[in-house]
Amino acid sequence: PVCSMGNSTSRLYSALAKTLSSSAVSQHQDCLEQPDSARLDPIDPKDLLEECQMVLQKRPPRFQRDFVDLKRSAASNHRPIRVMQWNILAQALGEGKDNFVQCPMEALKWEERKCLILEEILAYKPDILCLQEVDHYFDTFEPLLSRLGYQCTFFPKPWSPCLDVEQNNGPDGCALFFLKDRFELINSANIRLTAMKLKTNQVAIAQTLKCHETGRLFCIAVTHLKARTGWERFRSAQGCDLLQNLKSITQGAKIPLIICGDFNAEPTEEVYKEFSNSSLNLNSAYKLLSPDGQSEPPYTTWKIRPSGECRHTLDYIWYSQHALNVNSALGLLTEEQIGPNRLPSFNYPSDHLSLVCDFSFNQDPDRLL
């Protein structure tokens, strides 16, 4: 059955129903194959936002977050590229496995939570969107975002924990979306990460895009590394494998690179150091929000489980610092905004905060390599 976004007469419900009854779903076996969206009417983002707000009218309003201007050099002559990174919390895990003891089940209802997720995406209007824990790709994100002008790619985990939950919606995985009117896809790789030469359950997508406005190539990657304490060496091995793959794809950093991900690793972990010290010359964009530009934010996830409060910095946007500038970054929610029951909540749909950065190309990247 098709899940309603509001009542059955709403514009969006009929749009979603029409999308699902098309041939789009039957084509989803090959994650790179794009459904024929040409036959589906585009959606006006304002209409979609209005529809979401109707569904959410009994919930508190969205939190205010402001962009911090980080421009350190002369203004570039092209529009910045806005990149959004977000672990949106798989629906099956939120309801079935994650044990958010202070979050009422009512706050996790998919009909409303998906509207909160869409509202956040529509508020920041990313040119490129990188998501983890996506388990409603084929019935929600691909049908809607393709009609907002995004090209969509999904790569599920081989053995998703979502499948252990009754009435699940299929496996969760990573998803990558980019605006077709801004970029052209040059090539795409679905990467199943290895550790100690063994294939693992974690994945990445890496796509080389050409910016229509500048003609410049760059690579965007999204990943989600292994969770839990005790798996630090495993994450380190996965990180090394991803870096090796990206070295090959970017021809050793000749092509600028942006990597978004939930690394499940604090900045003290080995995998973080591998990315910091990589020959790809990467920097972590959110460090630039700190007074000295050297420290990560105090948290990107904050929740309460039966074992206690978990407040960690696990999510990152890495970028080629010789080739790209960070013009601005979206400030995080304050402790006061998050509230004593932490995340997720009636106000915020995930246990992870979204990260958003505006990038511009350096004029002479090779000089800095």
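Let me begin with a convention: helices (H or I, at least four residues) and strands (E, at least two) are DSSP runs, numbered from the N terminus. With that in hand, Met-196 can be placed in the loop between S6 and S7, and Met-196 has a positive phi of about 50° although it is not a glycine.

What you have in front of you is a predicted model, in which local features need a pLDDT of at least 70 and side-chain atom pairs count only at pLDDT 80 or more, while totals for chains, interfaces and linings use all residues. Residues are numbered from 1 along each chain as its sequence is written, and side-chain values use heavy atoms, with hydrogens and water left out.

On confidence, pLDDT is the predictor's confidence in each residue, from 0 to 100; the chain averages 89, and 87% of the residues score at least 70. Over residues 1-10 the pLDDT stays under 50, and for this stretch the model has 23 contacts beyond four places in sequence, where contact means heavy atoms within 4.5 Å. Residues 16-34 also have a pLDDT below 50, and beyond near neighbours in sequence that stretch has 39 contacts in the model.

Now to the sheets, for which two strands are taken to pair if DSSP finds at least two bridges between them. As general background, strands of a sheet pair through backbone hydrogen bonds, either parallel or antiparallel. One open sheet here has 6 strands in the order S6-S7-S8-S9-S13-S10, with mixed pairing. Strand S6 (183-195) and strand S10 (282-284) stand at its edges with a single partner strand each, so one side of each is left without a neighbour in the sheet. From one strand to the next, the twist averages 20°; for this and the other angles, axes are lines fitted to C-alpha atoms, for helices over the stretch in contact, and angles run from 0 to 180 degrees between N-to-C directions.

Within that sheet, strand S7 (residues 198-211) and strand S8 (residues 217-224) pair in the antiparallel sense over 7 bridges, and Leu-209 stands opposite Phe-218 in S8. Helix H6 (residues 232-249) lies across S6, S7, S8, strand S9 (257-262) and S10, and runs at about 145° to S6.

There is also an open sheet of 7 strands, ordered S1-S14-S15-S2-S3-S5-S4, again with mixed pairing. Strand S1 (67-69) and strand S4 (150-156) are the edge strands, each pairing on one side only. S4 and strand S5 (residues 173-179) pair in the antiparallel sense over 7 bridges, with Cys-152 standing opposite Phe-177 in S5.

Which helices pack on this sheet? Helix H4 (residues 110-124) touches S1, strand S2 (81-87), strand S3 (128-134), strand S14 (324-330) and strand S15 (355-361), and its direction makes about 160° with that of S2. Helix H5 (residues 137-147) touches S3, S4 and S5, and its direction makes about 160° with that of S4.

Next, the helix pairs. The axes of H4 and H5 come within 12 Å and cross at roughly 30°. The contact is made by Trp-110, Lys-114, Ile-117, Leu-118 and Ile-121 of H4, together with Thr-140, Phe-141 and Leu-144 of H5.

Helix H2 (residues 45-55) packs with H4 at an angle of about 140°, with their axes 9 Å apart. H2 and H4 are therefore oblique to each other, given that angles under 35 degrees count as roughly parallel, over 145 as roughly antiparallel, 65 to 115 as roughly perpendicular and the rest as oblique. Among the residues making this contact are Leu-48, Leu-49 and Cys-52 of H2, and Cys-115, Leu-118 and Leu-122 of H4.

I will finish with a point of backbone geometry. The peptide bond from Leu-343 to Pro-344 is cis, with omega near -10°, and Pro-344 is found in the loop between helix H8 (335-338) and S15.
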